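Q: I am new to this structure and would like a close look at its aromatic side chains and what surrounds them. Please walk me through that part, then lead me outward from there.

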Amino acid sequence: MKSVLVDFRRPRRPPRWAWFAVAVLGLAAAASLVVASMQQRKLNELRAQRDELIRAKANPPPRRISTPRPAPYEASAREMLAEATSKWPAMLTAIESVSIIGVTPVAIEIVPAEREIRVEVEFVDYATLLKFLDELNAGEPMPRWALVQAQSAAAAIGQKSTATVRGTWPP
């Protein structure tokens, strides 16, 4: 027969509370590693932003030059200025000073932007119209007044002949 060896000692294992403490400490260490890695990422992002700001401060972008938008009343103000500085009063005086029987001014249009005056006249015959035009241009080195359009109506119909004369003033 064989001999049987019996050992009545308890095996030496750590108590349960020790295993529990090791597990808690292991979880705490893992959580600390996760938090530390997240903080390291945030720190790296902040460093990158700081470096970007330092580079931007060292090399500022060129200034943008903005052109002001024109005022909504600019066109009418320019027209008013052109009218105020134009020589149309002298041109009106020239029209008033020429008096030819058979030629009657019926409409005047002053266009300061184009520096001209358009006068619509009624006339009896072409000879008086041309005499009126010559009188307007009398004494001028270059003719300022020109005939733009002339229409002669038949005397039997009873309509008057009309013409448009254009005058320009120098700059």
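A: Let's start with Tyr126, which is partly exposed at 41% relative accessible area; here buried means under 20%, exposed over 50% and partly exposed in between, using a 1.4 Å probe and protein chains only. What you see is a predicted model, where local features need pLDDT of at least 70 and side-chain atom pairs count only at pLDDT 80 or more, while totals for chains, interfaces and linings use all residues. Numbering runs from 1 along each chain as its sequence is written, and side-chain values use heavy atoms, leaving out hydrogens and water.

How many aromatic pairs are there? The count comes to one, where rings of Phe, Tyr and Trp (its six-membered ring) pair if their centres lie within 6.5 Å, with planes under 30 degrees apart called stacked, over 60 edge-to-face and the rest tilted. That pair joins Phe123 and Tyr126 in a tilted arrangement, with 5.3 Å between the centres and 45° between the planes. Phe123 is the buried partner, at 6% relative accessibility.

From here we can step into the interior. The largest nonpolar core has 18 residues, and those with the most contacts inside it are Ile95, Val121, Phe132, Leu136 and Trp145. Such a core is a set of buried Ala, Val, Leu, Ile, Met, Phe, Trp, Tyr and Cys residues joined through side-chain atoms within 4.5 Å. At least two of its residues come from each of α3 (88–97), β2 (116–123), α4 (126–136) and β4 (161–168); these helices (H or I, at least four residues) and strands (E, at least two) are DSSP runs numbered from the N terminus. Take Ile95 as an example: setting aside residues up to four places away in sequence, its contacts (heavy atoms within 4.5 Å) are Pro105, Ile117, Val119, Leu136 and Trp145. In soluble globular proteins, nonpolar side chains tend to be buried together.

Now for the charged side chains. Side chains of opposite charge can pair when their charged atoms come close. The whole structure holds eight salt bridges, each being a side-chain nitrogen of Lys or Arg within 4 Å of a carboxyl oxygen of Asp or Glu. One of them links Arg144 to Glu140, with the closest N and O atoms 3.3 Å apart; Arg144 is partly exposed at 23%, and so is Glu140 at 30%. Shared partners also join Glu109, Glu114, Glu116, Arg118 and Arg166 into one network of salt bridges.

Two further bridges sit within helices. In α2 (residues 74–85), Glu74 and Arg78 are four residues apart, about one turn of the helix, and their side chains meet at 2.9 Å, N to O. Glu74 is partly exposed at 27%, whereas Arg78 is exposed at 56%. In α1, Glu52 and Arg55 form a bridge of 3.5 Å, N to O. Those two are about one helical turn apart because they are three residues apart in the helix. Glu52 is partly exposed, at 48%.

Helix α1 also holds Ala36, which is partly exposed at 44%. The C-alpha atoms of Ala36 and Glu114 lie 79 Å apart, with their positions 78 residues apart along the chain.

Lastly, Val6 belongs to the segment before α1 (16–58). Together with Val4 and Phe8, Val6 forms a nonpolar surface patch with about 390 Å² of accessible area.  Patches are made of residues with over 30% relative accessible area and no salt bridge, joining like charges within 9 Å and nonpolar side chains (Val, Leu, Ile, Met, Phe, Trp, Tyr) within 5 Å. The areas come from the Shrake-Rupley method with a 1.4 Å probe, and for residues only the protein chains shown count as cover.
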